[in-house]
Amino acid sequence: SQPRRLHYDPVDRAPYLQAGENTIAGDGGYDGVPRSFWSPATPNMTLGQTGVVVFEANLGEAGWLVSDTTWRAHKSDAWLEGWKGDGPGGIITEGVPLEVVDARLLPYGWEQPGFDEAASDGGAWGSAHVIPAVHIGGFARTQPPTDPYGPMYPRPIAKLGGDFRVPVSLRAEYLAGQVDPAVGDPVKRLEAAIDLPVTGPAEGVGLPLSLEVPAGGSARVALDMGVIVMGRVQFEVQAPAGTVLDFSYTEDPLTHAAGMIGMHAGTQYIARGENDCFQVYDALGLRYAYVLIHGTAGPVTLRSFAVQEDVYPWQPGAGFCCSDEELNRIFTAGIRTVQLNSRDAFTDCPTREQRAWVGDSVVHQMVHLATNPDWRLAWQYLAVGNSPRSDGILPMSVVGAIESAGVYTIPDWSLHWVHGVFNLYRFAGDRGAVKSFMPTVERILRWYAPFQASNGLLKDVPEWNLIDWSSVHNEDTSAAINASWARGLREFAEMAGWLGEAASRDWAEGPYEEVKGGFEAFWDEDRGVYVDHIVDGARRLPVNQIASAMAICAGLVAQGRHERIIDTIADPDRLVVRSWTGGGGTYSQEKMMKQFQGIYEADWDVAAEVVIAQPFMSYVVHDAVALAGQADRLPELYRRWSQFLVDGYDTLGECWGWGTHVHGWSATPTKDMIFYMLGVTPAEPGYAVARIAPRLGSLAWAEGTVPTPHGLISVRAEPDRVVVDSPVPVIMDLPGREPQALAAGRHEV
């Protein structure tokens, strides 16, 4: 949430209370500066300058229990001031905060009944200080709503939770050589110790693990969770006071220093010498945890290590399987990938960044709509993203350092958010909710209008027009940018018409028709495809799947071209993997830096080859294949995603050949298997009528249950029959037949 759109958690405390004396305790952390998932408020004279805590409990006839001066409070010095450090790439790559804590300064058991504050290491606690809102018109209020926070809203989504995860294996070894105390960052300490001489393995292959840390040396423990997990790390250690445990959390085995796009998450814990149990403050994503133990010599026992997962729950009921086990694995991996990126917002990855990118998340949203009966987070994505700049466009990511800094944006990410609003219209049919987002949708679309030239096409759109990590040429006049804007205009016009807003519909149809008229300039008749861009009025040769696919999705393609386009952009003999961040599936920081200088060098045969979309924009490519009437081709296209499911990983990665192992935008096949293979989509807004159009390709069967606002739709599809049980009327759309209207209930066709 942004500072002025905070939420509170309503919780029933009664089950936790007991007859007699009870203790209510809480802790709060305050970042102070923007982070990847937190933005500071603009302070008035008092509030917004430091962290504050509000607690209110309705005790019925006994009145209210509130956080006031009768509470005891202590500002802990256990955490290093400024302990939440930046990653190596500054504002663009800074991700999950680091946590550095000296447990010798942290009173043990402070949250337990009977805690003796006077005898604690921190000494006697003081009375809590009530902070009023001091500004003209503030009336010195000391409870919400106050500036700079505004009203507080009840939590609109489910409570997070998940499994309790423990390592599946570990390895321990002793190292010679001193750990450099000048390196304060725990992650960098682990990296600096990579090349220290190994003097031998430690005995033991499980937890608890007993070690004998050598004088002048250290011990290193590597723990493998088996798969990527997401949640709060907790551990227990028995060690002499002053023993330092540096943790680094990684996706891959630690073999070298993290680069600009690598993970930079870690914890430093200094043991108090007894009762050393700890849980980190922020949730982390990881597969491997590395621990460097040093600072004192002698016996140390790592008694436990675990991750309590903290992700959005999937309600039971929906499901899918088919006759192909490879596709079943990909389907399941897509849900796991999106769930690890589903918290109080959709994030790109739980490991490197945890940012709420407004474009990425449209894929997360569709996976929820296809597989999770609880759609609340799918709509919360739209609410969190609804944070336009003063000129109407959205930040590239919201609630964090990027939005707070007000830096340049990725304009086309806002157009994916518009598509997310269109999904709200199609799947939920909620007029009030759609209406609430329409002003922002219109401002986004109007942001592009000044760049529309006399030929109807957008030209020289500024800021970072990413489109995709695949190599897309988009300087000067871009087919992908124009088609994306056209899709947004078309979707806005349809929603405005549905809402009865004729003036808004008529406005959007105007520039849409102008783009449609000018778009023919991108057509390459010889190759049967739309080229990436036009420079100085001349059509250039490079072709990416995305331009033609988005043109189909936007309704810009002339009749009769669809099949030819799909044959071209889906031809495996023409497709190549290329990215401006690397070559054929590898990451290159050198090439990334060239982008900052405006250097885009094609290293493929631009006259004959077609650059394949990366996993994110594959959602548009697959939509286009289905809209072109060739959804039977999709099952074979999904097999490319199997390249991620190796070495024990059960999630889908960021890009072809590089990036994180668990990137939510890569889960397109999962939503496709519901929408296109099983063929269940809304035929009318809000699933008032469902469309059932299974396209199995070479599969023997597929079956599943699909969530709708009216209950689950069950479908089993085979080459010669389809069985459907639906709570709403359906349009049965089968190959070679006219669509057939059927009433709600069970049907076999």
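Which residue in β16 is the bridge partner of D224? In this predicted model, the bridge partner of D224 in β16 is Y288, and this pair is one element of the pairing around strand β12, which is described below after a brief statement on confidence. The chain averages a pLDDT of 93, with 97% of the residues scoring at least 70. Over residues 83-93, however, the pLDDT falls below 50, although this stretch has 31 contacts in the model beyond near neighbours in sequence.

Strand β12, which spans residues 218-238, is mostly covered, since 17 of its 21 residues are buried under the cut-off of 20% relative accessible area. Several strands pair with β12. Strand β9 (residues 169-175) is joined to β12 by seven bridges and runs antiparallel to it, with Y174 standing opposite A219 of β12. Strand β16 (residues 284-294) pairs with β12 over nine bridges, again in the antiparallel sense, and the D224–Y288 pair belongs to this set. Strand β17 (residues 298-309) is likewise antiparallel to β12, with eight bridges between the two; here R232 has Q308 of β17 as its bridge partner. Strand β15 (residues 276-279) is joined to β12 by four bridges, also in the antiparallel sense, and in β15 the bridge partner of Q234 is Q279.

A separate open sheet is formed by four strands in the order β28-β29-β33-β34, with mixed pairing. Strands β28 (680-682) and β34 (740-742) stand at the edges of this sheet, and because each has a single partner strand, one side of each is left without a neighbour in the sheet. Direction ignored, neighbouring strands of this sheet are turned by 30° against each other on average. The pairing of β28 with β29 (residues 690-692) is antiparallel and extends over three bridges, and P682 has A690 in β29 as its bridge partner.

Among the helices, α3 (residues 361-371) packs against α6 (residues 411-428) at an angle of about 20°, with the two axes 9 Å apart. As this angle is under 35 degrees, α3 is therefore roughly parallel to α6. The crossing of α3 past α6 is left-handed, and the contact is made by V362, Q365, M366 and L369 on the side of α3 and by H416, H419, G420, N423 and F427 on the side of α6. An α-helix has 3.6 residues a turn, so residues three or four places apart point the same way.

Helix α3 also packs against helix α15 (residues 668-677), in this case at an angle of about 40° and with the axes 9 Å apart. The two helices are therefore oblique to each other. This crossing is also left-handed, and the contact involves V363, M366, V367, A370 and T371 of α3 together with T668, T670, K671, I674 and F675 of α15. M366 of α3 is thus listed in the contact with α6 and in the contact with α15. Eleven of the eleven residues of α3 are buried, so this helix is largely enclosed by the rest of the structure; the buried residues include S361, H364 and H368.

Several features of the loops were also examined. L254 lies in the loop between β13 (244-250) and β14 (265-270), and because its relative accessibility is 18%, L254 counts as buried. Leaving aside neighbours within four places in sequence, L254 is in contact with L190, E191, I194 and Y290. Between L254 and I546, which are 292 residues apart in sequence, the C-alpha to C-alpha distance is 36 Å.

Two cis peptide bonds are noted here. The bond from P144 to P145 is cis, with omega near 0°, and P145 is found in the loop between β6 (126-127) and β7 (152-154). A cis peptide bond also joins L207 and P208, with omega at about 0°, and P208 is found in the loop between β10 (198-201) and β11 (209-213).

Positive phi values are found in two aspartates. For D460, phi is near 55°; this residue is placed in the loop between α7 (431-448) and β21 (477-478), and at 45% relative accessibility D460 counts as partly exposed. For D647, phi is also near 55°; the place of D647 is in the loop between α14 (634-638) and α15, and at 63% relative accessibility D647 counts as exposed.

Methods:
Residues are numbered from 1 along each chain as its sequence is written. This is a predicted model: local features need pLDDT of at least 70, side-chain atom pairs count only at pLDDT 80 or more; totals for chains, interfaces and linings use all residues. Side-chain values use heavy atoms; hydrogens and water are left out. Buried means under 20% relative accessible area, exposed over 50%, partly exposed in between (1.4 Å probe, protein chains only). Contact means heavy atoms within 4.5 Å. pLDDT is the predictor's confidence in each residue, from 0 to 100. Two strands pair if DSSP finds at least two bridges between them. Axes are lines fitted to C-alpha atoms, for helices over the stretch in contact, and angles run from 0 to 180 degrees between N-to-C directions. Angles under 35 degrees count as roughly parallel, over 145 as roughly antiparallel, 65 to 115 as roughly perpendicular and the rest as oblique. A crossing is left-handed if the near helix is turned anticlockwise from the far one by less than a right angle, and right-handed if clockwise.
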